[in-house]
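Please work through the exercises below with the sequence and the model at hand. Each task is followed by a solution in steps.

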Amino acid sequence: MATIYIVLLVLLVNTSYQQNIIPDHKRRQCNALQSSEVMEKALPEIRRYFQSELQSSRRKREEIKSFLSGTNDSLQVFKTKLETYRGHNNEMKASLGAITAELEINRRYKQKTNVSLGVIQSELETSRKQIVGMNVSFELFQAELETSRQLQMEMNSSLEVSRRQNEEMKASLDVIQSELEQRRRQNEEMKDSLAVVQAESKITREHLRLVIRGCELAWVHHGGYCYLFVRTHLNFEEAKVRCQHHNAYVAEVRSENEQHFIMTELKKIDGYKFPSYYLGGYYNRAENEWIWERTGETIGYTRWAPGEPNDFRRQEDCLFMRSRRDRLWIDAQCRVKSYFICMKSLIPS
């Protein structure tokens with residue numbers, strides 16, 4: 001490269017010299033010859049220089065191509081990332097706009113809330129004052145309520161005492177009324193008995209004295225007869241013996257009136273329990289009829305329960321008032337242990 005510069009410099013000097021000293025036609029020839037010689041001498045060097053520069057340029061071009069290729073790839077990646085960043089940026093801008101709008105809404109809402117909060121605080125203060133006033137009123141009310149409660153307790157106590165007294169008086173009145181009713185019935189029965197006795201004129205003064213005196217202790221009078229309700233479990237034969245010991249017999253029910261009387265007395269005695277009781281009836285198998293065992297008379301009035309008598313297994317020969325509220329009649333075995341009713345006439349025969 002330096003050689004080329006020197007050759008060119010010499011050529012320029014010679015040319016300048018010739019232009020200044022040599023005539024024009026000689027100078028032109030000389031210039032041509034010198035230029036040709038110079039070019040012949042410089043051409044190989046110039047060729048080598050340009051070949052070297054060409055090779056260097058090729059290498060640089062390849063480097064530039066390689067660099068540009070990598071740069072293009074990087075640029076493409078950068079463009080992709082840039083597009084991505086732009087999309088994200090747009091989204092962020094949109095989100096930021098939405099957030100800004102929400103912040104504005106929240107700011108306005110906060111202003112309204114602050115106003116409402118002030119109103120609420122004012123109302124709360126008013127309510128607090130009202131509650132204080134109500135607490136005072138409530139304390140007064142509680143005091144009055146306590147006084148009323150004490151008065152109520154005293155009134156309840158007095159009412160309870162009065163209620164118990166009323167119940168006792170009512171119970172006493174019921175007892176008195178029951179006794180009066182019983183006495184009234186006894187008086188009516190004695191009047192009826194006395195009328196019967198006087199009408200038939202078949203009794204003596206002694207008989208009249210017995211009627212007026214009434215039944216023995218524990219016996220109950222009805223229709224000129226005395227009844228004893230025995231709450232001992234015996235079979236029929238034992239019940240007969242026990243009644244005979246009292247100069248009586250197992251009861252014979254001959255009318256609805258007598259049935260009702262016995263049911264009423266059993267209710268008084270047994271309450272809500274319903275044990276069975278022997279009556280004096282007996283089944284005469286030979287005649288296929290029910291009779292009063294004491295007299296042998298056919299039983300006229302009956303109060304059989306539905307399906308009775310059924311003579312189960314042909315062993316039921318005795319008559320009972322069954323153990324239910326209705327006290328209807330049933331047949332059963334005579335060996336059964338049961339309560340029984342004794343009966344005797346108020347006027348000895």
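The exercises concern the fold, the disulfides, the nonpolar cores, the surface and the backbone.

The model is predicted, so local features need pLDDT of at least 70 and side-chain atom pairs count only at pLDDT 80 or more, whereas totals for chains, interfaces and linings use all residues. Residues are numbered from 1 along each chain as its sequence is written, and side-chain values use heavy atoms, with hydrogens and water left out.

**Exercise 1. Overall fold**

Task: State how many helices and strands the protein has, and give their order.

Solution.
Step 1. Count the elements: there are 5 helices and 8 strands. Helices (H or I, at least four residues) and strands (E, at least two) are DSSP runs, numbered from the N terminus.
Step 2. Read the order from the N terminus: α-α-α-β-β-α-β-α-β-β-β-β-β.
Step 3. Consider burial, where buried means under 20% relative accessible area, exposed over 50%, and partly exposed in between (1.4 Å probe, protein chains only). Of the 349 residues, 23% count as buried.
Step 4. Turn to contacts, meaning heavy atoms within 4.5 Å. Among contacts with a separation of 6 or more, 69% come from residues 24 or more positions apart.

**Exercise 2. Disulfides**

Task: Determine which cysteines are paired, and describe each link.

Solution.
Step 1. Apply the criterion, a pair of cysteine sulfur atoms within 2.5 Å. The structure holds 3 disulfides.
Step 2. Cysteine 215 is joined to cysteine 226, with an S to S distance of 1.9 Å. This disulfide is left-handed because the torsion about its S-S bond is about -90 degrees. Cysteine 215 lies in the loop between α3 (205-213) and β1 (220-222), and cysteine 226 in strand β2 (residues 225-234), so the pair ties together parts that are 11 residues apart in sequence. Cysteine 215 is partly exposed at 22% relative accessibility, whereas cysteine 226 is buried at 3%.
Step 3. Cysteine 243 is joined to cysteine 342, again with S to S 1.9 Å. The value about this S-S bond is -85 degrees, and the link is left-handed. Distant parts of the chain are linked here: cysteine 243 belongs to helix α4 (residues 236-245) and cysteine 342 to strand β8 (residues 338-345), 99 residues apart. Both cysteine 243 and cysteine 342 are buried.
Step 4. Cysteine 318 is joined to cysteine 334 (S to S 1.9 Å). With 100 degrees about the S-S bond, this link is right-handed. Cysteine 318 is in strand β6 (residues 318-321) and cysteine 334 in the loop between β7 (329-332) and β8, 16 residues apart. Cysteine 318 is buried at 0% relative accessibility, and cysteine 334 is partly exposed at 23%.
Step 5. Number the bonded cysteines in sequence order: the pairing is 1-2, 3-6, 4-5.

**Exercise 3. Nonpolar cores**

Task: Identify the residues with the most contacts inside the largest nonpolar core.

Solution.
Step 1. Define the core as a set of buried Ala, Val, Leu, Ile, Met, Phe, Trp, Tyr and Cys residues joined through side-chain atoms within 4.5 Å.
Step 2. The largest core has 22 residues, and those with the most contacts inside it are Tyr227, Phe229, Ile262, Leu279, Leu319, Trp329 and Ile341.
Step 3. Elements giving two or more residues to this core are β2, α5 (256-270), β4 (277-284), β5 (289-292), β6 and β8.
Step 4. Inspect leucine 279: residues that it touches, leaving aside those up to four places away in sequence, include Phe236, Val250, Leu319, Trp329 and Ile341.
Step 5. A second, separate core of 17 residues includes Val230, Phe236, Cys243 and Cys318.

**Exercise 4. An unusual peptide bond and positive phi values**

Task: Locate the cis peptide bond and state where alanine 218 and asparagine 288 lie.

Solution.
Step 1. The peptide bond from glutamate 308 to proline 309 is cis, with omega near -10 degrees. Proline 309 is found in the loop between β5 and β6.
Step 2. Alanine 218 is not a glycine, yet has a positive phi of about 80 degrees. Alanine 218 lies in the loop between α3 and β1 and is exposed at 57% relative accessibility.
Step 3. Asparagine 288 has a positive phi near 55 degrees. Asparagine 288 is located in the loop between β4 and β5 and is exposed, with a relative accessible area of 56%.
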